[in-house]
Amino acid sequence: MPDPAVLTVSALTRTIRSLLEEQVGDVWVEGEISNHRLQSSGHQYFTLKDETAQISCVLFRNAGARLPMPLRDGMQVQLFGGLTVYEARGNYQIIVRTVQPKGQGSLQQRFEALKLKLAEEGLFDMEWKKPIPKFPRCVALVTSPTGAAIRDMLNILTRRAPWVRVLVFPVRVQGQGAEQEIAKAIQLLNRAEEIDLPVPDTIVVGRGGGSLEDLWNFNEEVVARAIFASEIPIISAVGHEIDFTIADFVADLRAPTPSAAAELLAPDVTELRRHFEALDKRLAYRVNTTLEQHERVLELMDKGALHREPVRLLRDAEQRVDDAESGFHDALSGFWREIEDTLIHHQHALERFQPTRLLSDAGHRMDLLQHRLASVVRQRINQEDERIRAMRKLLKSLGPDGVLARGFSMTTDPTGKAISDATKVRVGDMLITKFANGSVSSVATGNK
């Protein structure tokens, strides 16, 4: 029998690696983290285990930077990555791309399902987004009254825009029933006048960072629909920059953090001062320019004839009024004369076109045409009669009788058919010879 193929360790390891990557590939795995190590390079190495087995895992720096929480031993997690073999040690391992706490899988499914539902209903469409006021006078903060988020927002608003009135509407932002409080706060702020509250220009809905479970109240449908129904523009400021909630998609504007939301609402005092100084300069320039123009007009008026000789100008105006009055009367008289001439012209035209007169003229024209037609017909008949007589005379002189009268004769067969060729006459044929005053019968005896 042939010798079996012998593989090197490297070749066998590469074969196993290819089989694992092709046959298994990307997988979701859950278990407990142990032996976690964070290297100076930023890469993380740990073991994922359950009651009976374990597997090595590698989380490279770029993927680890996107995680919402740091990893530690004892954490129950679900991770997603690609199964492969580390050839240097011959260990199979998972190259991890994302990690989430165990139990977040169902929350993520709920998140994606609600996101798809609301997107299909159009709650995320840009056409419904309301503009955020650039210089709000009253801002409502719907958040926890004890969290770090409220302190950061109040500090920024007070420092950057001390003129803005801030209305804090305290709600729970975590735990069962917190979503109902958030939705109710939004609804009440939209009826602020009815409950004797200041009417806000903008509402900020948010809280500080946390896990997916901590932020989940902002992923509830009741909060999303309350934000969409609000007539007051709403800024969503939930968690950190990497956190996204359903509230972010429905709100008129998403701020990456509560502090960023406060900065958006409160332009810096220094910037505003520069803006107002520029406006002051433009306004002063326009006022001065307008005053100079009016001053020049007044100077011209002061030097003009109206200021120096008002009586003469008044008399000139009176004379122009008299001239205009005379011209008006002349124009009016000419106008009436023109109308009278036009009426006379139309009257004469109507007389020329009276029906009885038109019928009489038409009758005279018909009689004249009838006489002309009879004369032309008679003349044409006489001409044709003369032409016929001439043709008859010509026909008679050129016809057989005329030829016979000049001494000629014509030979025919007994049927009257003229014989013009002697070669066609046979001996014994009957011939008839016509003369001017009769005919003679003969029998052919030969031909020459």
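This short presentation covers the overall form of one protein and one of its sheets.

Good morning, colleagues. Please bear in mind that the structure before you is a predicted model.

I begin with overall dimensions. The protein has 448 residues, and its radius of gyration is 61 Å, whereas a compact globule of that length would come out near 22 Å. Along the principal axes, the C-alpha atoms occupy a box of roughly 160 × 135 × 45 Å.

Next, the surface and the interior. Of the 448 residues, 29% are buried. The accessible surface amounts to about 30900 Å², and carbon and sulfur atoms contribute 56% of that area. As for charge, the protein carries 56 positive and 60 negative charges, and the mean positions of the two sets lie 11 Å apart.

I turn now to the contacts. Taking those with a separation of 6 or more, 59% join residues that are 24 or more positions apart.

The secondary structure consists of 13 helices and 13 strands. Let me direct your attention to one sheet. Five strands make up this open sheet, their order is S7-S6-S8-S9-S10, and they pair in parallel. Which strands stand at the edges of the sheet? They are S7, residues 165-170, and S10, residues 253-254; each has a single partner strand, so one side of each is left without a neighbour in the sheet.

The partner of S7 deserves a closer look. Strand S6, residues 138-143, runs parallel to S7 and is joined to that strand by six bridges. Within this pairing, Val139 has Val166 of S7 as its bridge partner. In general, the strands of a sheet pair through backbone hydrogen bonds, in either a parallel or an antiparallel manner.

Thank you for your attention.

Notes: Residues are numbered from 1 along each chain as its sequence is written. This is a predicted model: local features need pLDDT of at least 70, side-chain atom pairs count only at pLDDT 80 or more; totals for chains, interfaces and linings use all residues. Side-chain values use heavy atoms; hydrogens and water are left out. Two strands pair if DSSP finds at least two bridges between them. Helices (H or I, at least four residues) and strands (E, at least two) are DSSP runs, numbered from the N terminus. The radius of gyration is taken over C-alpha atoms; the globule rule is 2.2 Å times the number of residues to the power 0.38. Buried means under 20% relative accessible area, exposed over 50%, partly exposed in between (1.4 Å probe, protein chains only). Contact means heavy atoms within 4.5 Å. Accessible areas come from the Shrake-Rupley method with a 1.4 Å probe; for residues, only the protein chains shown count as cover. Lys and Arg count as positive and Asp and Glu as negative; His and the chain ends are not counted. The place of a charge is taken as NZ of Lys, CZ of Arg, CG of Asp or CD of Glu.
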